[in-house]
Amino acid sequence: LLKKGACATVTGVFATGGADQLAMQMRLLELGFAPGEKIRVVAESFPRRDPMAVRLGNTTFAFRRHEAAMIQVVRSERNDA
């Protein structure tokens, strides 16, 4: 999982099974977490880093780590997200 300040490019959103996860997968796609989109981790809670805040475009989303783990990414070398 990414840490605060890390940037990445979304490669996909995957559910491991169950109706709840499938619903979350669809919701993430509807929110714009589509392949090719740039994201950046802007905040993490202390001390367990859960929840976390992720920026996509001009919008910031708060996720629990198990929700964010559904978003598959490739880390970016530059902070261009």
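Two strands count as paired here if DSSP finds at least two bridges between them. Keep that in mind for the first stop, and remember throughout that you're looking at a predicted model.

**Stop 1: the sheet**

Select β2 (38-44) and β3 (52-56). These two strands run antiparallel and pair over five bridges. For one rung of that ladder, pick Ile39: its bridge partner in β3 is Leu56. Now add β4, residues 59-63. β3 and β4 also pair in the antiparallel sense, again over five bridges. Leu56 turns up here too, standing opposite Thr59 in β4.

Zoom out to the whole sheet. Five strands make it up, in the order β4-β3-β2-β1-β5, with antiparallel pairing, and the sheet is open. Which strands stand at the edges? They are β4 and β5 (71-75); each has a single partner strand, so one side of each is left without a neighbour in the sheet. Look along the strands and you'll see the twist: neighbours are turned by 40° against each other on average, direction ignored. Then switch on α1, which packs on the sheet and touches β1, β3, β4 and β5. The direction of α1 makes about 130° with that of β1.

**Stop 2: the turns worth a click**

Go to the hairpin of β3 and β4, where two residues sit between the strands. Click Gly57, which takes a positive phi near 65°. For context, most residues other than glycine have a negative phi, and most peptide bonds are trans.

Next, find the loop between β2 and β3 and pick Pro47. The peptide bond leading from Phe46 to Pro47 is cis, with omega near 10°.

**Stop 3: the aromatics**

Show the rings. There are three aromatic pairs in the structure. Start with Phe33 and Phe61, an edge-to-face pair at 5.2 Å centre to centre, with 65° between the planes. This pair ties together distant parts of the chain: Phe33 is in the loop between α1 (19-31) and β2, Phe61 is in strand β4, and they are 28 residues apart.

Are these two rings buried or exposed? Phe33 counts as buried because its relative accessibility is 0%, and Phe61 is buried as well, with a relative accessible area of 15%. Now bring in Phe63: the ring centres of Phe61 and Phe63 are 6.1 Å apart and their planes are at 20°, so this pair is stacked. Phe63 is buried too, at a relative accessible area of 5%. Colour Phe33, Phe61 and Phe63 together, as they form one aromatic cluster.

**Stop 4: the core**

In soluble globular proteins, nonpolar side chains tend to be buried together. Here the largest nonpolar core has 17 residues, and the ones touching the most other members are Leu2, Leu28, Phe33, Ile39, Val54, Phe63 and Ile71. The elements giving two or more residues to this core are β1, β2, β3 and β4. Fade everything except β3 for a moment: that strand is mostly covered, with four of its five residues buried.

For a closer look, centre on Leu28. Beyond its neighbours up to four places away in sequence, Leu28 touches Val13, Phe33, Phe63, Glu67, Met70 and Ile71. Two of the rings from the previous stop, Phe33 and Phe63, are in that list.

**Stop 5: two strand residues to compare**

First select Thr9 in strand β1 (residues 7-13). Thr9 has 17% relative accessibility and therefore counts as buried. What does the Thr9 side chain make a polar contact with? Show the side chain of Lys38, which lies 3.1 Å away in that contact. Leaving aside neighbours within four places in sequence, Thr9 is in contact with a list of residues including Gly36, Glu37, Gln72, Val74 and Ser76.

Finish on Ala62, in strand β4. With 64% relative accessibility, Ala62 counts as exposed, because the cut-off for exposed is over 50%. Not counting residues up to four places away in sequence, Ala62 touches Met52 and Ala53. Draw one last distance, from the C-alpha of Ala62 to that of Asp50: these residues are twelve apart along the chain, and the two atoms are separated by 9.4 Å.

Key:
Residues numbered from 1 in each chain as written. Predicted model: local features only at pLDDT ≥ 70, side-chain atom pairs only at ≥ 80, totals over all residues. Heavy atoms only, no water. Buried < 20%, exposed > 50% of the residue type's maximum accessible area, 1.4 Å probe, protein only. Contact = heavy atoms within 4.5 Å. Polar contact = N/O pair within 3.5 Å; in protein donor to acceptor, adjacent residues only side chain to side chain. Core = buried A, V, L, I, M, F, W, Y, C linked by side-chain atoms within 4.5 Å. Phe/Tyr/Trp six-rings, centres within 6.5 Å; stacked < 30°, edge-to-face > 60°. Axes fitted to C-alpha atoms, helices over the stretch in contact; angles between N-to-C directions.
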